[in-house]
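Me: I am new to this structure and would like a close look at one part of it, namely the matter of salt bridges. Please begin with the chain as a whole, and take your time over the explanation.

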Amino acid sequence: MDTALREDILREIESLPADRQAEALDAIRSLRGARVRGAPGRDLLASFGRISEEDAREMARVIDEECERIDPNYW
């Protein structure tokens with residue numbers, strides 16, 4: 001790991017209260033086991049333009065209603 005990156009990470013973690021440091025550790029550990037899922041973008045290009053406008057609207061609605069929201073101020 002790049003030394004500067006390591007120092008930046010440690011500095012950021014050390015600036016957090018103890019309970020938030022524990023959350024950061026949990027998040028880091030979860031990233032270690034995370035696997036990228038889905039298809040590469042180049043594979044999706046073959047489907048470009050093949051979804052009807054109605055289906056696209058329905059997909060967008062379901063995503064808006066069902067997907068987890070991210071709080072950018074959480075960390």
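Reply: The accessible surface of the protein chain comes to about 7,400 Å², and carbon and sulfur atoms account for 54% of that surface. Please keep in mind throughout that this is a predicted model, and that the values below are computed from it. Of the 75 residues in the chain, buried ones make up 1%.

The fold behind that surface contains four helices and zero strands, and when the chain is read along the sequence its pattern is α-α-α-α. The radius of gyration is 19 Å, well over the 11 Å that the globule rule gives for 75 residues, so the chain is more spread out than a compact globule. Along its principal axes, the C-alpha trace spans about 50 × 30 × 20 Å.

Two pairs of residues help to give a feeling for these distances. Arg20, which lies in helix α2, and Ile51 are 31 residues apart along the chain, while their C-alpha atoms are separated by 43 Å. Met59, a residue of helix α4, and Ala18 are 41 residues apart in sequence, with 41 Å between their C-alpha atoms. As for exposure, Arg20 counts as partly exposed because its relative accessibility is 24%, a value that falls between the 20% under which a residue is buried and the 50% over which it is exposed. Met59, at 44% relative accessibility, likewise counts as partly exposed.

Now to the part you asked about. Side chains of opposite charge can pair when their charged atoms come close. A search of the whole structure finds five salt bridges, and three of them can be followed here residue by residue.

One of these belongs to helix α1, where Arg11 forms a salt bridge with Asp8 and the closest N and O atoms are 2.3 Å apart. The two residues are three positions apart in that helix, so about one helical turn separates Arg11 from Asp8. Arg11 is partly exposed, with a relative accessible area of 48%, and Asp8 is partly exposed too, with a relative accessible area of 38%.

The other two are found in helix α4, which covers residues 53–66, and they have a residue in common, Arg61. On one side, Glu58 forms a salt bridge with Arg61, with 2.6 Å between the closest N and O atoms; Glu58 and Arg61 are three residues apart, about one turn of the helix. On the other side, Glu65 forms a salt bridge with Arg61, and here the closest N and O atoms are 2.7 Å apart. Glu65 and Arg61 are four residues apart in helix α4, so they too are separated by about one helical turn. Taken together, Glu58, Arg61 and Glu65 are linked in a network of salt bridges. Glu58 counts as partly exposed at 38% relative accessibility, and Arg61 counts as partly exposed at 36%.

Helix α1, which holds the pair Arg11 and Asp8, also has a part in the largest pocket. Rolling a probe the size of a water molecule over the atoms shows where empty space is left. The largest pocket has a volume of about 290 Å³, and it is lined by 11 residues, of which Ile9, Leu10, Glu12, Ile13 and Ile28 lie nearest its centre. Helix α1 (3–14) and helix α2 (18–33) each supply at least two residues of the lining, and the largest share, five residues, comes from α1. By class, the lining has eight nonpolar, one polar and two charged residues.

Note on methods. Residues are numbered from 1 along each chain as its sequence is written. This is a predicted model: local features need pLDDT of at least 70, side-chain atom pairs count only at pLDDT 80 or more; totals for chains, interfaces and linings use all residues. Side-chain values use heavy atoms; hydrogens and water are left out. On a 1 Å grid over the protein atoms alone, a cavity is a set of points where a 1.4 Å probe fits but cannot get out, and a pocket is an open set with protein on both sides within 12 Å along at least five of seven lines; lining residues have an atom within 4 Å of a point. Grid points are joined across faces, edges and corners, and a volume is the space filled by probe spheres set on the points. Ala, Val, Leu, Ile, Met, Phe, Trp, Tyr, Cys and Pro count as nonpolar, Asp, Glu, Lys and Arg as charged, and the others, Gly among them, as polar. The radius of gyration is taken over C-alpha atoms; the globule rule is 2.2 Å times the number of residues to the power 0.38. Buried means under 20% relative accessible area, exposed over 50%, partly exposed in between (1.4 Å probe, protein chains only). Accessible areas come from the Shrake-Rupley method with a 1.4 Å probe; for residues, only the protein chains shown count as cover. A salt bridge is a side-chain nitrogen of Lys or Arg within 4 Å of a carboxyl oxygen of Asp or Glu.
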